[in-house]
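Here is a short briefing on one molecular structure. Take a look at it first, then read the points below.

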Amino acid sequence: MKSNRIRLLAGPYLAWAIAFIIIPLVMVFYYGLTDKNGMFTFDNVLAIARPEHIKSLWIALLLALISTIICILLAYPLAMILVNMKGNSDKFIVLIFILPMWMNFLLRTMAWQTLLENDGVINSILKFMHLPTLTLINTPYAIIFGMIYNFLPFMVLPLYNVLKKIDPNVINAARDLGANSVQTFLHITLPLSVPGIISGITMVFVPSLTTFVVSDLLGGSKILLIGNVIEQEFTSNSNWHLGSGLSIVLMIFIVISMIVTAIFDKDGEGNAL
Amino acid sequence: MKKAVSVILCAVLLGSMLAGCTGSKGGENGVVYVYNWGEYIDHETIKMFEEETGIQVAYEEFETNEIMFPKVSAGAVSYDVICPSDYMIQKMIDNDLLMELDFSKLPNTVNIGTQYFEQSEQFDPGNKYSVPYCWGTVGILYNKTMVDEPITKWADLWDPKYENNILMQNSVRDALMVALKLKGYSMNTINQAELDEAGAALIEQKPLVQAYVVDQVRDKMIGNEAAIGVIYSGEAIYTQRENPDLIYVVPEEGTNVWIDSWVITKNAQNADNAHKFIDFMCRPDIALMNFDFITYSTPNDAARELIEDEDIRNSEIAFPDLSKYNNLETYSYLGEEGDEMYNEVWKQVKSE
């Protein structure tokens with residue numbers, strides 16, 4: 001009786017999952033594996049091998065990889081500083097990090113447009129100080145920058161969570177037994193924080209790989225990422241079959257990263273959000 | 001009891017989810033769903049329409065014809081009134097998406113100049129489906145303080161001097177039109193060799209291009225972000241008002257003359273209200289308000305008469321004498337295969 005009641009409570013979630021996860025997935029696979037006449041085909045998936053598609057996939061993988069690595073390098077020291085802060089000030093800093101996420105993703109990216117433009121805020125300051133101006137907007141660097149800015153909190157939070165949970169006694173024991181701070185970090189802190197790192201990587205890498213807004217707004221549409229190709233197929237080219245076929249390819253990468261997370265993060269320790 | 005409560009909760013939750021889909025029933029005289037280009041109307045006119053008729057307007061915007069089409073053809077949202085361009089209207093007629101208009105319900109269409117209906121015959125034979133709303137050309141907007149000599153032709157967009165100072169249109173037909181005209185071909189060609197040549201020209205030009213954008217050309221040019229931009233003539237007056245250094249030219253090699261027209265979808269739920277909306281938009285005072293606001297050339301002759309500023313009423317930019325220019329063309333629908341050829345070439349350019 002009791003278990004039935006609990007199951008009923010899950011009803012809305014089930015309805016939600018069916019309507020907004022299962023049905024769309026089925027539709028993606030249906031469109032991806034059929035042609036315009038509704039005949040079964042692998043052509044849409046294999047179309048990834050076409051030069052313009054494979055190139056956009058490579059660029060997307062490369063940019064996502066770079067921004068993920070930079071995010072780790074930025075977020076790890078920050079998370080360690082936060083954990084070691086006295087009192088409640090770490091909670092305040094974490095709040096500051098989450099705060100921008102309450103604002104719309106698009107608006108935040110558009111704000112960077114005004115900052116990075118040739119006649120934008122940064123270059124105006126440089127001009128005022130009689131320094132040479134920089135070409136920032138509409139370059140691959142601007143895209144990477146936009147990715148890092150938008151997805152950094154997703155790296156900081158899991159790292160912070162996992163580091164916070166490390167028992168200080170373990171670290172103290174290592175120091176007592178003669179390990180210096182570098183050794184303690186390499187042999188104790190780092191291995192214990194792997195679940196957080198992996199979870200952070202997934203949460204930064206996957207959205208970076210699939211984004212099309214960042215490259216449109218900060219890259220001036222000059223660099224075509226795989227996300228842009230798929231978006232174009234659905235919107236302007238109205239070829240849903242090809243768009244879905246390429247989405248299936250992209251899904252493979254997402255599934256791989258989910259499996260990796262599942263292996264390293266068995267207890268869901270790194271799940272911050 | 002508790003079970004009943006949770007069942008009711010579920011029902012309420014599901015019900016509210018579904019209720020979101022049906023939407024509100026609108027004003028006292030119903031509702032009309034309008035799908036128009038971005039920043040393409042004075043919103044005050046919509047309010048006036050709502051007040052005068054008691055019909056609520058659900059207003060949505062699109063950025064390119066190509067984005068609009070799949071949303072309408074998929075039927076996911078049932079729009080009543082749409083404002084596509086010439087070739088897209090032809091495509092929608094071909095796909096049986098449009099309703100024949102009842103001109104007895106559109107008395108104000110007499111205000112539209114006959115030459116615009118004649119021009120519309122190219123994509124809407126017999127003028128059965130569309131009422132012209134705006135028209136113009138595609139041309140070059142340049143900043144006179146940022147160039148050495150006046151820009152006069154498309155070929156100037158391939159001048160290495162202007163590296164990183166050129167804004168191109170990020171839509172397949174407009175971008176390829178520039179390259180096809182540069183090479184002296186028709187903008188409606190479906191000759192693969194000609195298209196490949198145009199694609200190669202765009203790839204050659206790519207290192208010089210600062211960005212491929214649509215509506216943002218306007219703001220970037222006003223903000224001195226680039227020296228040269230490809231833009232619709234309707235933006236010229238507005239941009240000059242904001243930044244007097246900007247000059248609009250119709251390129252020597254010829255360009256596109258376009259008409260954006262109101263149409264009603266085949267399965268419009270509110271066809272009567274849709275006719276009322278279109279008719280309202282053709283009223284001279286309303287057309288004038290829209291012209292003042294969006295500054296796109298109006299085909300509404302009665303509205304043009306009402307323009308107080310003589311300079312604008314006789315402005316060569318707002319109301320050009322098309323007979324003076326060579327090689328003007330209107331886009332025509334290329335068929336599904338033609339569309340695919342263009343999309344493929346454009347994708348190769350973008351991925352380069």
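A residue is buried if 20 or more other C-beta atoms lie within 10 Å of its own. By that rule, 34% of the 273 residues of chain A count as buried. Keep in mind that this is a predicted model.

**Overall build of chain A**
- Chain A has 14 helices and 0 strands.
- Its pattern along the sequence is therefore helix after helix: α-α-α-α-α-α-α-α-α-α-α-α-α-α.
- The C-alpha atoms of chain A fill a box of roughly 75 × 70 × 35 Å along the principal axes.
- Take the contacts in chain A with a separation of 6 or more: 74% of them come from residues 24 or more positions apart.

**Two domains**
- The domain assignment splits chain A into domain 1 (1-32) and domain 2 (45-264).
- Between the centres of domain 1 and domain 2 of chain A, taken over C-alpha atoms, there are 30 Å.
- Where the domains meet, 4 residues of domain 1 of chain A are in contact with 7 residues of domain 2 of chain A.
- On the domain 1 side of that meeting point in chain A, 3 residues are nonpolar, 1 is polar and none is charged.

**Where chain A meets chain B**
- Here 22 residues of chain A are in contact with 28 residues of chain B.
- Three helices of chain A, α1 (2-9), α2 (11-32) and α4 (51-83), each supply at least two residues of the side that touches chain B.
- That side of chain A holds 5 nonpolar, 11 polar and 6 charged residues.

**An enclosed helix: α13**
- Why is helix α13 (residues 226-234) of chain A largely enclosed by the rest of the structure? Of its 9 residues, 8 are buried, so the rest of the structure largely encloses α13 of chain A.
- The buried residues of α13(A) are Ile226(A), Gly227(A), Asn228(A), Val229(A), Ile230(A), Glu231(A), Gln232(A) and Glu233(A).
- These buried residues of α13(A) pack against four helices of chain A: α4, α11 (194-210), α12 (213-218) and α14 (240-264).
- One of these partners, α4 of chain A, also supplies at least two residues of the side that touches chain B.

**A helix in the open: α9**
- How many of the 9 residues of helix α9 (residues 168-176) of chain A are buried? The number is 0, so α9 of chain A lies largely in the open.
- After α9(A) comes Gly178(A), and the phi of Gly178(A) is positive, near 100°.

Key: Residues numbered from 1 in each chain as written. Chains lettered and ligands numbered in written order. Predicted model: local features only at pLDDT ≥ 70, side-chain atom pairs only at ≥ 80, totals over all residues. Contact = placed C-beta atoms within 7 Å. Nonpolar A, V, L, I, M, F, W, Y, C, P; charged D, E, K, R; others polar. Domains from an automatic or database assignment. Buried ≥ 20, exposed ≤ 12 C-beta atoms within 10 Å, placed from the backbone.
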